[in-house]
Every structure is written in C-alpha cells, then in structure tokens.
Amino acid sequence: MTERRYRPLDRLLIDAQNALGTVLGASAAERRNPSADLPGTALDEVARRHAAGLMRVNHVGEVCAQALYVGQAAVARDPATRDALLEAAREETDHLAWCADRLRELDDRPSLLNPLWYAGSYAIGVLAGLRGDGWNLGFVAETERQVEAHLDSHLDQLPAADARSRAILEAMKADEARHAANAEAAGARTLPAPVPAMMSLASRLMKAVAYRL
Ligand SMILES: [Fe+2]
Ligand SMILES: [Fe+2]
C-alpha cells in the first residue's frame, strides 16, 4: 500500500533527475565514442562554426529524444512498453554524450535553450503517451524515422574534413533505425497524417533555432 503511494513520486523524482542530468550535460556514455580512433582534423573558422551548429542541433535532438521517451514512459500503461521506452532513452544517452564531446572538441557549446527543449518535448511525450501504448510506439517509430532522414541530410552538410562528427552521426543513424524497427515490431500504430507533419514542422523550427542558439 505504502509502496504504491510512493511510486508516482519516485517516478517524478527519477524524471526530474534525468531532466537535470540531460540539461546540465552530465550524461556519460556507456559505449565508446565512435570517433575515438579518428585523428582530429583542423577546420577553418567557417567550417568549425558550421560543424558546431550542426552538432548543436543533433545534441538538442538527443535532449528532445530523452525527454520524449521519459515523458511517454511516465504515462505508459503496459510495463513492457515502459521498459522499452526507458531502454531506448538509455541508448539515446550515448548519443547525447557523444554529441556533447564533439561540441567540446569543436570549442563550442550546447544550446542555451536546452531546459526549454526538454520541457516542451517531455510535455509532447506525455500527451502522446496518454493516447495509449499503440500511439506511444507509433510516436517512437515516427520520431526515429524522421531522425534517421535528418541525420542523412546532416551527413551531407558536414564539412568534408569533419570525419569525427561524421563517425558519430553514422553510429547514431544505425541506432535510430534499430529503435524504429523495434517499435514497429512491438506494435506501433501508424499515426494519422497531421501528426507526422506537425512533428516535422516542430523539428524544423527547433533545428533553425538550435543551429545558432
Ligand atoms: Fe538518438
Ligand atoms: Fe533513437
């Protein structure tokens, strides 16, 4: 009885701890940084700023992924769905740490608006999760497919000499494709047409802002 009463509070505290860790950049990767063995190439100032802008966008994307999945998990009905969401969020922690590492190497900083990105994405995650577990998984699948396509476009846009950023994005892309496939296999439902379009619009807005801020 007592245990049940504390459970929502425990969950809230765990979510708050995750939010702080994510926003403050305290997350540590469990897997090795995929760029670790590549030599660092000097980039001129224009290329450095461009690479940093792109990697800041990717870092924000991972902040949003964490927040979405943690928000969705907070209201997931089926414990198996909740566990799958939290497992996906854990893998996103590696992406978050790798992007933060690369931003530091590029002598730049994460987005100043990370608390805002986190809060907004958490709210969207909770809303999606409240629609039920089929929606929850559908939302994961759609997010991951959109991120996969986005990473392809960043792989094209990165300065040719920036092999280290490219190695990180390649590894992330492989993970995101697997996250999408897992969600589809677990029973993701296809989201109605306006939802993917709205998600894409929101991410375009985020990308335009996070490239600079
Ligand atoms: Fe990711
Ligand atoms: Fe993912």
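This passage describes the fold, the two iron sites and the internal spaces of a single protein chain, as seen in a predicted model.

The chain contains seven helices and zero strands, and when the elements are read along the sequence they follow the pattern α-α-α-α-α-α-α. Of the 213 residues in the chain, 43% are buried. Among the contacts between residues at least 6 apart in sequence, 87% join residues that are at least 24 apart, and the accessible surface of the chain comes to about 10900 Å², with 60% of that area belonging to carbon and sulfur atoms.

Two iron ions are bound by side chains of the protein. For the iron ion (ligand 1), the protein donors are supplied by Glu-62, which is listed with two OE donors, together with Glu-92 through OE, His-95 through ND1 and Glu-176 through OE, and these donors lie 1.9 to 2.3 Å from the ion. Along the sequence, the donor residues of the iron ion (ligand 1) are spaced E-x29-E-x2-H-x80-E. Distant parts of the chain are linked in this way, since His-95 belongs to helix H3 (residues 79-105) and Glu-176 to helix H6, the two residues being 81 residues apart. His-95 has a relative accessibility of 0% and therefore counts as buried, the cut-off being under 20%. Glu-176 is likewise buried, with a relative accessible area of 2%.

The iron ion (ligand 2) has as its protein donors Glu-92 (OE), Glu-144, again listed with two OE donors, Glu-176 (OE) and His-179 (ND1), at 1.9 to 2.4 Å from the ion. The spacing of these donors along the chain is E-x51-E-x31-E-x2-H. Because Glu-176 and His-179 are three residues apart in helix H6, about one helical turn separates them. His-179 has a relative accessible area of 6%, so this residue is also buried. The two iron ions, ligand 1 and ligand 2, lie 3.8 Å apart and are bridged by Glu-92. Glu-176 is listed among the donors of the iron ion (ligand 1), and Glu-176 also appears among the donors of the iron ion (ligand 2).

Turning to the spaces in the protein, the largest pocket holds about 860 Å³ of space. The lining of this pocket is made up of 36 residues, of which Leu-68, Ile-124, Met-199, Ala-202 and Ser-203 are the closest to the centre. At least two lining residues are supplied by each of helix H2 (45-75), helix H4 (114-130), helix H5 (133-157), helix H6 (163-185) and helix H7 (194-210). Helix H7 provides the largest share of the lining, with ten residues. When the lining residues of the largest pocket are sorted by class, 21 are nonpolar, nine are polar and six are charged.

The structure also holds one cavity of 30 Å³ or more, and the volume of the largest cavity is about 40 Å³. The residues that line the largest cavity are Pro-39, Gly-40, Thr-41, Leu-43, Arg-102, Ala-161, Asp-162, Ala-163 and Arg-164. By class, the lining of this cavity comprises four nonpolar, two polar and three charged residues.

Key. Residues numbered from 1 in each chain as written. Chains lettered and ligands numbered in written order. Predicted model: local features only at pLDDT ≥ 70, side-chain atom pairs only at ≥ 80, totals over all residues. Heavy atoms only, no water. 1 Å grid on protein atoms, 1.4 Å probe; cavity = no way out; pocket = protein on both sides within 12 Å on 5 of 7 lines; lining within 4 Å. Points joined across faces, edges and corners; volume = space filled by probe spheres on them. Helix = DSSP H or I, 4+ residues; strand = E, 2+ residues; numbered from the N terminus. Nonpolar A, V, L, I, M, F, W, Y, C, P; charged D, E, K, R; others polar. Donors = N, O, S within 2.8 Å, 3.2 Å for Na, K, Ca; no water. Buried < 20%, exposed > 50% of the residue type's maximum accessible area, 1.4 Å probe, protein only. Contact = heavy atoms within 4.5 Å. Areas by Shrake-Rupley, 256 points an atom, 1.4 Å probe, with all protein chains shown as cover.
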